[in-house]
Amino acid sequence: MSRIEPSDVARVATLARLALSQDEIAAMTRDLEQMLDYVAALDRLDTQDVEPTAHSFELPTPLRPDRAVPPLDPEIALGNAPEREGTAFLVPKVLEEGG
Amino acid sequence: MAKADSLLAGDLSDLRGALDRRDCSAVELVQASLDAMDARADLAAIVFRRDEAALTEAEAADERIASGKPASPLDGLPVVLKDNIVQAGEPATCASRILEGYVSPFDSGVVERLQRAGAIVVGRANLDEFAMGSSTENSIHGPSRNPWDPERACGGSSGGSAAAVAAGLVPLAFGSDTGGSIRQPASFCGVVGFKPTYGRVSRWGLVAYASSLDQIGPFARRVADCALALEAVGGHDDRDSTSLPEVVPPLRSRLDGDVSGLVVGLPKEYFAPEGAQPGVLARVREAIGVLEGEGVRFVEISLPHTAYTIATYYIIATAEASSNLARFDGVRYGRRAEHPKDLLDLYERSRSEGFGAEVKRRILLGTYVLSAGYYDAYYVKAQKVRTLIRRDFEAAFGECDAILTPTTPETAFALGAKAGDPLSMYLSDVYTVSANLAGLPALSVPCGFVDGMPVGLQLLGKPLDEATILRIGDAFERRTDHHRQSPPGPPGSPGTD
């Protein structure tokens, strides 16, 4: 049995930048525990000498000529911005004054 | 108009012929498709429409056809896209609140190629949020319904695309398949669904779920139409670094019904009596009999790591999802929480308000398996088992040209039946995820019915060898009429009660 505590879920939620309610944490604790129990089946396999597969096919990293191409028009790029100022995306202040 | 209407339920070659003979126009076909969407709004298959733009594009197609120069075999034909494949100027919600109001600033590679081919995007199809699900119930647009029985799910996550083709709204639709999201809904809705080899179709402009598994592919009523679709949209794209350099060979012109001498493997793990509904296995065995009659030789094979595919998939897919979905942070596009007190609050509340429960569940699981102390035990372990699963297929393909299995263990389940039980929902992909883990091309073809609901058989091919599975699927269609069956019409229409 994988033991998952609500505090584990809260920690992972912080890493994932999710703010969960107490009810959500309780439900996700149960779901995560069920999934981790299920995937624990993989431990039955000896994979000591097995290489991991990240992609089904080995493709060399493709290279392209370093050539300037016209960028996306800033007006179009900013078209979906929730808030903007000039040609910048606007977010709440990150540093305090003098910080 | 009646002509365009009835043609819509046919296959692409019928439609092509009708357009080229001027029996009907592209404008009439597109209008018929839009009318059919109105008539079948009850299915909730289509979530956005392009009525005006589509009719304008159809006029241009009619001019090309009238001048005897259609752009391609798809010129003038209406298609729909899953709402996670972007088109410039159009929404792409991915069925998520976090992308409500988003308008794509660019075209996906698939849209560019479809436009070059003259195909006309008439609408966008429902899906499970960010393609995470197997029923098209996890959607801000509400659940899509199965045309064969509106109380049942149409499968997922590309359920709207499957339902749209099954109900005759369009002859061709596109979806994405990460663990079975094209094949499982195709099977549930009684249409052909095709996931090409990983890397065959550009994913530029496909909203990423699990990047080492995602692949775009078509739905149609005929295997030959799926072959044509891959010819149109497949091939290398510089903007997708996993896009394969190989040229897509001619596929449709080589479908001649001859399958004699082909050797097809039947993995014993996929035919275990406790694994699937007896009726599903019976239909698939009947299909095997049909193909044997055509000279296919069947051999029993083993894929020993089959029991581990779902566990492997859910570690790898959720890990990749947790990384891919980090981009939805309320800064550059999508939903932003109101009155954030600082940047962290903006991130956390925008994401928490924007994502649904299944997406949060997968982000949490993925973040967990990637987090310090668990990375080797879960993520690297799953990648190693992925190697074992891939080797199973390499060994099997030493003995056979293709592999045949049921597409799903059961026919379409009732809406809501699995909603409270994530693991049981995940297990409905038990026969389809291995093709994604191994990168193989895979096809689901209708092979009959159980209690009035469609059953699909799945064909798995060697990497890049779409030609063989298309050949087998097409040969099967030539000897059967399952693909010609149509679901009942809209509620209240003649012939329904």
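Author: Let's start with a word we need: a residue is buried when its relative accessible area is under 20%, exposed when over 50%, and partly exposed in between (1.4 Å probe, protein chains only). The structure above is a predicted model, where local features need pLDDT of at least 70, side-chain atom pairs count only at pLDDT 80 or more, and totals for chains, interfaces and linings use all residues. Residues are numbered from 1 along each chain as its sequence is written, chains are lettered from A and ligands numbered from 1 in written order, and side-chain values use heavy atoms, without hydrogens and water.

Reader: Why is strand S10 of chain B said to be largely enclosed by the rest of the structure?

Author: Strand S10 covers residues 442-450, and 8 of its 9 residues are buried, so the rest of the structure largely encloses it. A strand here is a DSSP run of E, at least two residues long, and a helix is a run of H or I of at least four, both numbered from the N terminus.

Reader: How do you know that S10(B) and S11(B) pair?

Author: Two strands pair if DSSP finds at least two bridges between them. S10(B) and S11(B) (residues 453-461) have 7 bridges in the antiparallel sense, with B:Phe449 standing opposite B:Pro454. The hairpin they form has 2 residues between the strands, and B:Asp451 there takes a positive phi near 50 degrees. S10(B) is also joined to S5(B) (residues 192-195) by 3 antiparallel bridges, and B:Phe194 is opposite B:Leu443.

Reader: What makes S4(B) a strand with both faces covered?

Author: On one side B:Leu172, B:Phe174 and B:Ser176 are buried, and on the other B:Ala173, B:Gly175 and B:Asp177 are too. That fits the count for residues 172-177, where 6 of 6 are buried.

Reader: In which sense does S4(B) pair with S2(B), parallel or antiparallel?

Author: With S2(B) (residues 78-82) the sense is parallel, over 3 bridges, and B:Val80 stands opposite B:Ala173. With S6(B) (residues 215-220) S4(B) runs antiparallel, joined by 6 bridges; there B:Ser176 faces B:Ile216.

Reader: Why does B:Thr480 count as buried?

Author: B:Thr480 has 14% relative accessibility, which puts it on the buried side of the cut-off. You will find B:Thr480 in the segment after helix H16 (466-479) of chain B.

Reader: How far apart are B:Thr480 and B:Ala287 in sequence and in space?

Author: They are 193 residues apart in sequence and 9.0 Å apart in space, C-alpha to C-alpha.

Reader: Which backbone oxygen does the side chain of B:Thr480 reach?

Author: That of B:Phe476, at 2.8 Å.

Technical notes:
Polar contact = N/O pair within 3.5 Å; in protein donor to acceptor, adjacent residues only side chain to side chain.
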